[in-house]
Amino acid sequence: MFHFARCSRLTRGNVTSDRLLNSQKTRGFTIHHLYRRGQHTVPWSSSQIPSTQITVNTPARIWRQAQKVLRLASRKQPRPPNIALKFILGPAALTVTARLLGTVAHCEADVNNNIPHKEVIPEFSWAILWEFVRPQLLALIGAIILAFGAAALNIQIPLMLGELVNVVARHMREQAGDYVRDIKAPALKLLGLYALQGLLTSGYIILLSRVGERVAADMRTTLFTSLLRQDVAFFDANKTGQLVNRLTSDIQEFKSSFKLVISQGLRSATQTVGCFVSLYVISPKLTGLTVVVLPCLVGAGALIGSFLRKLSRKAQEQVAKATGVADEALGNVRTVRAFAMEDRELEMYAAEVQKSAAMNETLGTGIAVFQGLSNIVLNCIVLGTIFAGGSLMARDDMSPGDLMSFLVASQTVQRSLASISILFGQMVRGMSAGARVFEYLALEPTVPLTGGGRIPLKSLTGRVEFMNINFSYPTRPGNQILKNFNLTLPPYKTVAIVGESGGGKSTVAALLERFYEPSSGVVMLDGLDIRTLDPSWLRGHVIGFISQPIIKRTMDTTPWLVSERGVTLSGGQKQRIAIARALIKNPSVLILDEATSALDAESERVVQEALDRATTGRTVLIIAHRLSTIQGADLICVMSNGRIVEAGTHLDLLSKGGMYAELIKRQRSDGHK
Ligand SMILES: Nc1ncnc2c1ncn2[C@@H]1O[C@H](COP(=O)(O)OP(=O)(O)OP(=O)(O)O)[C@@H](O)[C@H]1O
């Protein structure tokens with residue numbers, strides 16, 4: 001048994017409807033259950049109608065309802081195995097370096113991770129990067145110099161600390177001399193070093209953030225410019241969400257990596273080399289011991305760190321998934337309400353939120369165990385160094401200051417090595433994000449936005465001819481929509497196209513707008529192939545387009561504020577605004593694509609009057625569903641199977657008793673006038 005529910009028509013090319021259809025597809029719905037092109041009735045099987053509904057909107061009631069759904073959802077979620085066990089048993093966990101605490105902190109803070117794309121990752125181009133970096137070269141060189149300076153000072157600091165400790169130790173041993181006078185010089189020197197290091201660090205961070213922000217802003221505008229230029233077919237093939245992702249998270253990811261690799265990469269590399277030299281100078285024996293132990297610690301730590309990062313990324317993906325469900329539901333709240341789907345949406349959201357909470361809990365436990373182990377290992381390293389260093393001191397191979405310097409320098413090496421291992425992963429991620437951004441920069445549209453001839457508006461008559469057009473949409477090349485299609489729109493006349501849904505009527509308008517190029521054949525304007533004409537002039541001055549979908553935001557041309565998606569306006573008001581916008585450019589050719597099909601009788605009358613005035617003195621192409629609105633057209637063409645099969649006036653076609661007469665009969669019996 002089927003129930004029929006009325007819903008507002010989801011229009012083609014409408015992002016909301018596309019998103020809704022996609023989301024419903026993924027949630028086990030069949031598109032046809034929700035939407036059939038050109039029909040306003042939506043069949044539902046009785047089993048799909050939700051059995052419970054939120055009917056009372058008190059907060060307590062809603063809260064109870066949410067809790068019920070959450071309980072149900074959490075019952076369905078299998079709990080992950082105890083992560084602590086995995087970590088405690090992992091043998092590698094015993095050799096974690098302290099700096100990898102930083103790795104974990106990084107995992108938590110890395111909220112800009114891109115959800116990995118399934119498609120093949122394009123190649124990173126250094127040449128394109130150079131184009132963006134070149135204007136910021138001076139600031140970048142400045143940042144690099146300051147970062148090097150800060151790193152060089154970091155190498156000095158352990159040695160200075162050693163000097164200071166030696167003064168203290170000497171005084172304790174000898175109990176003689178002026179302690180303040182002796183300690184003053186090295187202490188002031190160290191203080192100076194600290195201050196300079198702080199200054200250099202602030203300097204390079206300021207410069208780098210300037211470079212990073214400017215490069216990112218440049219990339220965003222260049223990518224957006226490139227996207228706006230792309231063919232309509234490009235947008236058929238690529239989901240809006242993915243494109244927006246490239247503008248936002250990919251560029252963000254690239255920017256973070258760029259800044260991090262330059263600042264921390266430079267600093268860590270310099271510090272590692274410099275401190276190793278210091279270590280060797282201080283004590284070759286102790287350095288030998290460190291060379292054996294340290295790489296094992298760093299390697300094991302990096303391994304666990306990378307495991308946690310993966311876990312963190314999965315948790316973020318899950319959060320994004322949950323957000324996606326909420327976004328779909330809130331973005332399409334009218335449809336959700338119309339189908340009484342609140343319970344189901346809540347259930348789906350709660351299930352996704354539960355999953356993400358469970359994953360984040362796992363991650364949290366992992367981080368906690370990791371941090372605990374790291375602390376133990378760090379302390380053991382310090383203990384081991386003091387133990388080995390102490391025995392060297394006993395043999396007079398080392399001074400207390402040397403031991404202090406050694407401890408601090410070895411900690412610096414550990415931190416730097418761990419940071420390099422993190423940076424390597426970050427660099428790979430940043431390069432993939434950059435490559436995804438660069439991919440569309442080099443893409444050239446087949447139909448340019450501008451360029452080509454213009455016909456002087458005074459002599460333009462608006463005669464349009466479609467000659468032997470064959471056409472398939474680029475995304476569905478096997479499905480030929482227009483087959484040897486021929487049609488002439490005489491100047492100042494109104495031609496209507498009618499026919500079965502999905503027969504290709506709107507496609508004809510899309511070809512005239514040059515949204516797509518025909519596979520073969522030509523579209524002519526005043527005897528000129530439109531491919532030789534300037535597309536921006538054609539769209540901006542010659543062709544006016546009024547379709548049923550309403551523009552979803554305010555435009556400069558409207559003197560009053562329209563709410564998001566135009567929800568505060570009636571259908572008739574929206575349509576009259578659309579007509580006003582199309583007429584502002586005083587077009588010679590006007591396309592009306594189902595301009596009144598969603599309106600009630602009164603609004604239709606008002607809009608029809610506006611349209612009648614608008615069409616006077618122009619070449620008009622009407623793509624119609626409701627045959628009542630086109631009876632006065634100079635020519636009515638019936639389309640079937642990609643070509644015109646009947647043409648004539650309303651009375652001609654009625655008297656012929658062919659397809660048009662059949663359509664009229666069918667619409668009358670369906671209840672349309
Ligand atoms: N952007 C697109 N990419 C791929 N196929 C498309 C695209 N737009 C439309 N189609 C397909 O092309 C065919 C013709 O669509 P078109 O919108 O031109 O038909 P129509 O006669 O205007 O239909 P309706 O009366 O239902 O609006 C349909 O099968 C449709 O699914």
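This passage describes the confidence, an open sheet, helices and backbone outliers of a predicted model.

For the protein chain, the mean pLDDT is 76, and 77% of the residues reach 70 or more. Two stretches fall below 50 in pLDDT. One of them is residues 1-63, where the value stays under 50 and where the model has 70 contacts beyond four places in sequence. The other covers residues 553-564, also with pLDDT below 50, and here the model has 11 contacts beyond near neighbours in sequence. For the complex, the predictor gives an ipTM of 0.97 and a pTM of 0.65.

Six strands form an open sheet with mixed pairing, in the order β8-β9-β10-β5-β11-β12. The edges are formed by β8 (543-547) and β12 (643-648), each of which pairs on one side only. From one strand to the next, the twist averages 20°. At the β12 edge, strand β11 (residues 635-640) runs antiparallel to β12, and 5 bridges join the two. Within this pairing, cysteine 637 has alanine 647 of β12 as its bridge partner. The sheet is also contacted by a helix: α20 (residues 659-669) lies across β5 (494-499), β11 and β12. The direction of α20 is at about 90° to that of β11.

Elsewhere in the chain, helix α13 spans residues 342-394, a total of 53 residues. The distance from the first C-alpha of α13 to the last is 76 Å, close to the 78 Å expected at 1.5 Å a residue. After α13 comes aspartate 396, with a positive phi near 60°.

Most residues other than glycine have a negative phi. Positive values nevertheless occur in two loops between strands, at tyrosine 492 and at aspartate 526. Tyrosine 492, with phi near 60°, is placed in the loop between β4 (480-489) and β5. Tyrosine 492 is classed as partly exposed because 16 other C-beta atoms lie within 10 Å, a count between the limits of 12 or fewer for exposed and 20 or more for buried. Aspartate 526 has a phi near 50° and lies in the loop between β6 (520-525) and β7 (528-529). With 17 other C-beta atoms within 10 Å, aspartate 526 is therefore also partly exposed.

How values were computed
Residues numbered from 1 in each chain as written. Predicted model: local features only at pLDDT ≥ 70, side-chain atom pairs only at ≥ 80, totals over all residues. Pairing = 2+ DSSP bridges. Helix = DSSP H or I, 4+ residues; strand = E, 2+ residues; numbered from the N terminus. Axes fitted to C-alpha atoms, helices over the stretch in contact; angles between N-to-C directions. Contact = placed C-beta atoms within 7 Å. Expected span 1.5 Å × (residues − 1). pLDDT = per-residue confidence, 0-100.
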